Amino acid sequence: MACKVNKNSFLGFGICFLEFYKMAYRKFKADQLFDGYKLHGPDTVLITDENGKVLDLVKSSEAGDNVQAFEGIISPGLINCHCHLELSHLKNVIPPHTGLINFLCSVVTKRDFAPEIIHQEIMKAEKEMVDNGIVAVGDIGNTADTIELKSKSKIRWHNFVEVISFTDEKAEENIEHYKNVLKQLKNTQHSTINIQRSSLVPHAPYSISPKTFRLINELTNNQIISIHNQEHPDEDELYKTGGGDYLKLFKIFGINKSPFPVTGKSSIRSVLPFFNNGQTIFLIHNTFMPEEDVVFAKEYAKENGLTLILCLCVNANLYIENKVPPIEIFIKYNCPIVLGTDSYSSNWQLSIAKEMGAIKNHFPSLSSETILQWATRNGAKALQWDDELGSFEKGKRPGVVLLKNDLSESKRIL
Ligand SMILES: [Zn+2]
């Protein structure tokens with residue numbers, strides 16, 4: 001708004017300055033306000049500047065006028081720690097409840113879509129996440145199909161370039177291929193519009209040979225990486241005996257017996273020891289992770305300088321196996337927990353609110369405060385973006401989201 005300043009009047013300048021500053025404030029309150037740590041009641045007002053930079057949290061009586069009041073919960077922007085944006089075209093392609101191994105066989109055989117369709121669905125999925133208040137994503141990709149969109153996106157992206165490499169013989173060739181994908185992504189990271197970071201990651205214990213694991217460990221010093229973990233009981237079977245239903249998946253790739261060593265141990269006990277290079281490792285899913293493996297993983301990480309994060313994608317587990325992970329065990333051992341949506345191949349939507357709602361339904365004794373921490377501050381910290389995201393602390397710019405009181409829906413309001 002234009003403002004005439006009387007150059008000779010200090011008072012005139014002062015009033016004008018205040019007037020301008022008032023215009024630049026945004027003030028929000030709701031039934032509850034979650035600040036990244038705890039829930040406040042309806043008497044707490046969030047004040048930001050017009051770009052969403054947090055200025056203060058104050059009592060209503062100190063907030064002045066122009067406070068926007070909402071029904072529901074005001075929260076910092078949501079963090080999606082596990083997605084595969086490039087699989088968005090598989091929405092409604094694979095039916096629910098097929099079981100993981102049939103699901104994987106479908107994913108690897110149904111990737112042959114026209115590039116325009118792939119691009120169009122990636123765009124729709126990104127818009128959905130922007131609108132429902134997701135501000136940062138840990139995004140898996142085997143290709144560079146999402147580069148163009150990410151370079152213009154309002155979301156921050158950590159690109160996990162996912163390596164699939166079944167045999168030691170092909171390990172170096174495969175790693176070279178994925179290093180090229182990584183290079184392509186890194187070349188677009190200098191955009192001033194958004195922030196991106198990229199790292200090479202192993203797909204899963206059932207798709208990475210020992211030599212490939214060793215190469216990835218060398219190439220990811222102090223980086224954030226991820227691995228799908230114990231999403232099906234036969235993953236343990238594969239390492240314990242060399243048998244189980246994963247052999248069906250290998251057949252599609254022309255491999256007739258398990259290419260992995262039989263260790264007599266569970267998959268996580270067999271593969272976590274490949275890592276000792278200061279990484280932060282997101283263990284994704286953990287649907288069939290028994291208590292003794294949680295204890296093992298925590299101890300191994302502590303002794304070897306790793307940071308382990310458990311990433312839950314509950315709707316994807318319900319979609320594929322109709323099973324939820326043993327969250328009580330993860331809480332019992334104080335594991336850092338974050339949330340992800342996984343991809344449209346195994347979810348009805350890409351919404352962290354829907355993940356929170358599903359957790360609340362299956363674990364009604366968990367408090368909303370705890371689940372909200374996983375969806376905001378924990379995710380921001382795990383992705384090492386908590387300097388700006390995850391909580392309403394002065395100077396941060398975490399985004400402002402409105403959630404339904406039962407956590408089942410969300411929309412971005414700033
Ligand atoms: Zn996944």
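Here are some exercises on this predicted model, each with a worked solution.

**Exercise 1. The overall build**

Work out whether the radius of gyration of the protein agrees with that of a compact globule, and say how many helices and strands the protein has.

Solution.
- Step 1: Start with the expectation. For 414 residues, a compact globule would have a radius of gyration near 22 Å.
- Step 2: Now look at the protein itself. Its value is 23 Å, which agrees with that expectation.
- Step 3: Add the outline. Along the principal axes, the C-alpha atoms fill a box of roughly 85 × 45 × 40 Å.
- Step 4: Count the elements. You'll find 14 helices and 15 strands.
- Step 5: Check the inside. Buried residues make up 47% of the 414 residues, and of the contacts with a separation of 6 or more, 74% join residues 24 or more positions apart.

**Exercise 2. Two domains and a core**

Find the domains, say how far apart their centres are, and work out which of them feed the largest nonpolar core.

Solution.
- Step 1: The domain assignment gives domain 1 (10–75) and domain 2 (78–389).
- Step 2: Taken over C-alpha atoms, the centres of domain 1 and domain 2 are 37 Å apart.
- Step 3: Where they touch, domain 1 gives six residues and domain 2 gives five residues. On the domain 1 side, these are three nonpolar, two polar and one charged.
- Step 4: Turn to the largest nonpolar core, which has 104 residues. The residues with the most contacts inside it are Ile74, Ile79, Cys311, Val338 and Ala375. Both domains feed this core, with at least three residues from each.
- Step 5: Zoom in on Ala375. Leaving aside neighbours within four places in sequence, Ala375 is in contact with Leu78, Ile79, Leu339, Ile352 and Met356.

**Exercise 3. Strand S10**

Decide how enclosed strand S10 (224–229) is, and name the strand it is joined to.

Solution.
- Step 1: Count the buried residues. Six of the six residues of S10 are buried, so the strand is largely enclosed by the rest of the structure.
- Step 2: Sort the residues by direction. Here's a handy rule: in a regular strand, side chains alternate between the two faces of the sheet. In S10, Ile224, Ser226 and His228 point one way, while Ile225, Ile227 and Asn229 point the other way.
- Step 3: Find the partner. S10 runs parallel to strand S11 (residues 280–285), and six bridges join them. Ile225 sits opposite Ile281 in S11.

**Exercise 4. Following the chain into helix H7**

Which residues of helix H7 are buried, and what do they pack against?

Solution.
- Step 1: Begin in the loop between S10 and H7, where you meet Gln230. Gln230 isn't a glycine, yet its phi is positive, about 45 degrees.
- Step 2: Test Gln230 for burial. The cut-off is 20 or more other C-beta atoms within 10 Å; Gln230 has 22, so it is buried.
- Step 3: Move on to H7 (residues 234–241). The buried ones are Asp234, Glu235, Asp236, Leu238 and Tyr239.
- Step 4: Look at their surroundings. They pack against helix H2 (100–109), helix H8 (246–252) and helix H9 (267–271).
- Step 5: See what follows the helix. After H7 comes Gly242, with a positive phi near 80 degrees.

**Exercise 5. Buried or exposed?**

Is Asn334 buried or exposed?

Solution.
- Step 1: Locate Asn334. The residue lies in the loop between helix H12 (327–332) and strand S13 (337–339).
- Step 2: Check the backbone. Asn334 is not a glycine, but its phi is positive, about 55 degrees.
- Step 3: Apply the cut-off. A residue is exposed if 12 or fewer other C-beta atoms lie within 10 Å. Asn334 has 8, so it is exposed.

**Exercise 6. The strands around S14**

Which strands pair with strand S14 (residues 400–403), and in what sense?

Solution.
- Step 1: Take strand S5 (residues 67–76). S5 and S14 pair in the antiparallel sense over four bridges. Ile74 stands opposite Leu402 in this pair.
- Step 2: Take strand S15 (residues 410–412). S14 and S15 pair in the antiparallel sense too, over three bridges, and Leu403 has Ser410 as its bridge partner.
- Step 3: Look at the link. S14 and S15 form a hairpin with six residues between them, and Leu407 in the turn has a positive phi of about 65 degrees.
- Step 4: Finish with S14 itself. Val400 and Leu402 point one way, Val401 and Leu403 the other way, and all are buried.

Conventions
Residues numbered from 1 in each chain as written. Predicted model: local features only at pLDDT ≥ 70, side-chain atom pairs only at ≥ 80, totals over all residues. Core = buried A, V, L, I, M, F, W, Y, C linked by C-beta atoms within 7 Å. Domains from an automatic or database assignment. Contact = placed C-beta atoms within 7 Å. Helix = DSSP H or I, 4+ residues; strand = E, 2+ residues; numbered from the N terminus. Rg over C-alpha atoms; globule rule 2.2 N^0.38 Å. Nonpolar A, V, L, I, M, F, W, Y, C, P; charged D, E, K, R; others polar. Pairing = 2+ DSSP bridges.
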